[in-house]
Amino acid sequence: MSGLGILLVATMLAVAATVSYGLETGFDRSAAEADLPDVLVSFDSQSASSVRERIAALPDLEAFSLREQLTSVPFRAGRESADNGVVEVVGPGRRGYAIVAGHDVSRRGGVVIEEGLATDWGLGVGDRIRVYDSPPLPIVGLARAPSNVAYPLAAPHIYVSLAAYRAATRQHSARQVNIAQIWLKDPSQLDAVLVQARMSSYGLSGLSLITRSGVRVVVDQAAGIVIALLAALSLIALLTAATMLTAAARAEIQRRLHAIGIWRAIGASRGHVARVAAFEALLVAVPAAAFGVGAGALLATGPSDRLLGLLNQDGPGSALLAPLLGCFALTVAIPALAAAWPAWRAAGGPPLALLRGAEIGGGRARWGTAGGGGLLRLGARLATTRRVRLVATLASLAICTSFVLLMLALASELNTLANDPTALGRRYQLSASLPASAAPRVRALPGVSAVGPRWEVSAVDAYSLGEITYVIGFRGDHTQFEDPPLVEGSRLGGARQAEVGRGLAQILGLRVGSTLALATASGRELRLRVSGIVSALEHDGRVAYVSERALLGAEPDAPEKLAVILKPGADTKTVTAELQRLGADVTASTGVAGGGKTLVDALRGLLLTIAAVDGLVCLYMLTQALALTAAERRSAIAVLRACGAGAGSIRVLLAGAALAVLVPAAVVAVVLERLVLGPAVSRLAQGYATLALGADAAEIAVLLLGLALIGTVAVWWVVRRLTSRPIAGGLG
Amino acid sequence: MSPERPVLRARGLAKQVGSGRARQQILAGVDLDVAAGEMVAVLGRSGSGKSTLLNLLGGLDRPDGGRVGVAGEEITGASEKTLDRIRLRRIGFIFQSFQLIEELTGEENVLLAARLPGAPRGGRRRAQALLARLGVSAVASHRPHELSGGEQQRFAIARALVNDPVLILADEATGNLDEGSAAAVIETLGELAAEGRAVVLVTHEAQSAAAADRVLHLVEGRLRAGREAAGPGP
């Protein structure tokens, strides 16, 4: 039993260590591997020679490289395609990305594609990819660049050498660049370099400077939520282990008081008794902890690596060994100390008292003097006998359970985000590729409640790393069709205003009243005042809602679609068929799509892994508590069995004991989750989305069912063990 | 008494305890018949196997060899369910250390056995009658630590009797009692036998055994006859 507990705790710790260590160190490790520059500068296209001159004048410069970044490029490979690809035309010099397979680009041709794209599309070195309408280009290598998250969270990137690009495009004019990577001799001089860079940037439009630490902050914010959750869960696991193993060790020492008395009587020191107890605990703890740590690492490596891959970061590999060894040491230290301490205390008593089987110390704290009978009630009374342990068990179980509830709420929320368009504030069910002029005809279709033209174009923001911003416009009030929650400021109030998604606001440092400057594909600039910030998960929040006038003014040829709201009860398939009859390509609205969905799936997988281990810890905790109660009150149970109580009656007795712990633990867990954990995690995540993490009735019902299942399994297992032994053994 | 239709019948009971070189044959072919209305005392020194014998007779442990029957039902090799039923309805146990459950009052301890699934109806009525008969009604609501040893043992006897068993197995029932309380318990056991129950009392006190109809000595794993009374006690 103790071995199982140690195994579970070790598993939990190893899961936490694997994920936390990977996320905590992922950026630095990958940045070092990729030789990420200290400063990334993006600007509107300039001749390479003029940029080179300006950068060469910067102080403390170690190296720099220039490249041209082409956005909204269509890629195609096999059945996969994307129209928001980014081609990085790299010149000589350092790269800022790591080659993880194959080799780098060269003048001989071929492209390097980012690892995320290769994984998502199932491509490898030797495969081919089409860029624009080019003939298929051979993929010569896979790259990982931690300056940005990976495809499909961000636009797919491919890298091509300047020579190969010029040869393919037959371009011989002066080289144009819009990205510069700068490495400093002494990164601590970064501030001085940035000041100098801004001073020397006169004439460069669309300038944006992003530092290596700035990239890290963005990535760490997301990882911080997961790490905070895991750290909390690890603490719970440790608390649980300490509580349960100490209680188990105490019960074991109590059983062996006579033997300890004999040892002491023949001259063994207290230290010797404690060391022997610790050694015996280690005999169980070492293999259990080793197995648990191994299992936990194996369990978590898959989901963790997947998440790291999406962040364009490398798994920790053998560097994980040290934290795992730490988990192992901690997991074996707890039972050793938990065994040694009561042995030390017990051995401190007079040998004569020990030989008589006196209590270890603290006397007998008994609760429950109320009358009434029944096995269920008696079981509850047996479980509440030891106050300190009861409180510790209750607290551990309640915290553990509240985390399971939190995971359920998170998973449910993520599921809603992934599948329910209204969760993102999207109020239309269908999108039809029809011009605005077709709106009256669509509105007349049976089952259609409202129709509105919708435009969406991608634009390059002037401040980031060539990241695409999605500009969305509706005719009239966009909230009729898309109503993402407003978290700051006010709704769009005119043609010179924009509501921006939180993700975009964070990347660009926008606040209400700031100016949003975007360059559209046609080269026009869109300058708008930020009226409000909305919680939009679509495109990771890199969206801007603008008026129809502003959007079409900047991009007159913006593709039109019709957003179609159905009447309640209308059949989506029927309306879709009608729309198709009008010649439209119809797509159904979903929740988070594309890259967002991938991230949601990855996070959900991770949460489920953690929740599963957490649930097992709960099961262990309850089973251990029941086993301890049964061991301590074995004579009472033996008397009951001698009186004719069968396994069923003993199950009822222990069900009472289980309920005495589970019911208050469930109540505390629900309160804790709704009032503390849910709001706390919502606050942690508020940079990304507005998450309602207070558990609802359905989640609470699932939790109660889970607890009932755990209780049933624990009672069944303990009673099975109890009844497999002769009754006479309990009467001695 | 001639036990033609004994309530308890044991044949060739054998039991080993310990392991390896410490393995010991504690019972080596015990035969025992106890009739209804008979009180049999088994005397033996400490460690002779008296409690082991009682555990085997009551189905609390399994023998290595031999057979036990209670009220015509074979308990050796019976399923746990059958054993539970036989213990519930046919056998009452009385222990040296009373084995009352600390969290329950004296009365609740008695009622606990009467409320087990499968117990005969009328448990509460029988419990109250037993408490009155044993003179502990006044302290029925007291918890074990508030009772004297004699009172605790009387509650333990009431618990053993509450389901109206035909066989009473008493393990050193007077071992933790003063002389007066011990005498009262022995007298009660005698009365139970007189009512038609079979009573087996294991003890190391010759004085307690003296009240029995038959006294058997457990020596080297076998029962040897001692004094035999003319008939069941008054």
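## Terms and model

Two residues are in contact if their C-beta atoms, placed from the backbone, lie within 7 Å. The structure described here is a predicted model, and the report goes from chain A as a whole to the sheet of chain B, and then to the places where helices and chains meet.

## Chain A in outline

The secondary structure of chain A consists of 21 helices and 20 strands, and of its 732 residues 50% count as buried. Among the contacts in chain A with a separation of 6 or more, 84% are between residues that stand 24 or more positions apart.

One example of residues apart in sequence involves Q69(A), which lies in strand β2 (residues 61-77) of chain A. Q69(A) and H157(A) are separated by 88 residues in sequence, while their C-alpha atoms are 9.6 Å apart in space. Is Q69(A) buried or partly exposed? Q69(A) is partly exposed, because 19 other C-beta atoms lie within 10 Å, whereas a residue needs 20 or more to count as buried.

## The sheet of chain B

Strands of a sheet pair through backbone hydrogen bonds, either parallel or antiparallel. In chain B, an open sheet of 4 strands follows the order β2-β1-β4-β5, and its pairing is antiparallel. Its edge strands are β2 (24-34) and β5 of chain B, each of which pairs on one side only.

Within this sheet, strand β1 (residues 8-17) of chain B is joined by 5 bridges to β4(B), and the two strands run antiparallel; A10(B) stands opposite V68(B), which belongs to β4(B). Helix α1 (residues 50-57) of chain B lies across β1, β2 and β4 of chain B, and runs at about 125° to β1(B).

## Two helices that cross in chain B

Helix α4 (residues 123-134) and helix α5 (residues 149-161), both of chain B, have axes that come within 10 Å and cross at roughly 145°, and the crossing of α4(B) and α5(B) is right-handed. From α4(B), the residues A127(B), L130(B), L131(B) and L134(B) meet R154(B), I157(B), A158(B) and L161(B) of α5(B). Sorted by class, this contact of α4(B) with α5(B) has 7 nonpolar and 1 charged residues, and no polar ones.

An α-helix has 3.6 residues a turn, so residues three or four places apart point the same way.

## Where the chains meet

How many residues does each chain bring to the contact between chain B and chain A? Chain B gives 28 residues and chain A gives 24 residues. On the side of chain B that touches chain A, α2 (80-89) and α3 (106-114) of chain B each supply at least two residues, and the largest share, 7 residues, comes from α2(B). The residues on this side of chain B divide into 13 charged, 11 nonpolar and 4 polar.

Helix α2(B) also has buried residues, namely L83(B), D84(B), I86(B), R87(B) and L88(B). What covers these buried residues of α2(B) includes β4 (65-70), β5 (73-74) and β6 (91-94) of chain B, together with α18 of chain A.

## Helix α18 of chain A

Helix α18 (residues 634-642) of chain A is itself mostly covered, with 7 of its 9 residues buried. The buried residues of α18(A) are A636(A), I637(A), A638(A), V639(A), L640(A), R641(A) and A642(A). Just after α18(A) comes G644(A), which takes a positive phi of about 110°.

Technical notes: Residues are numbered from 1 along each chain as its sequence is written. Chains are lettered from A and ligands numbered from 1 in the order in which they are written. This is a predicted model: local features need pLDDT of at least 70, side-chain atom pairs count only at pLDDT 80 or more; totals for chains, interfaces and linings use all residues. Axes are lines fitted to C-alpha atoms, for helices over the stretch in contact, and angles run from 0 to 180 degrees between N-to-C directions. A crossing is left-handed if the near helix is turned anticlockwise from the far one by less than a right angle, and right-handed if clockwise. Ala, Val, Leu, Ile, Met, Phe, Trp, Tyr, Cys and Pro count as nonpolar, Asp, Glu, Lys and Arg as charged, and the others, Gly among them, as polar. A residue is buried if 20 or more other C-beta atoms lie within 10 Å of its own, exposed if 12 or fewer, and partly exposed in between; C-beta atoms are placed from the backbone. Two strands pair if DSSP finds at least two bridges between them.
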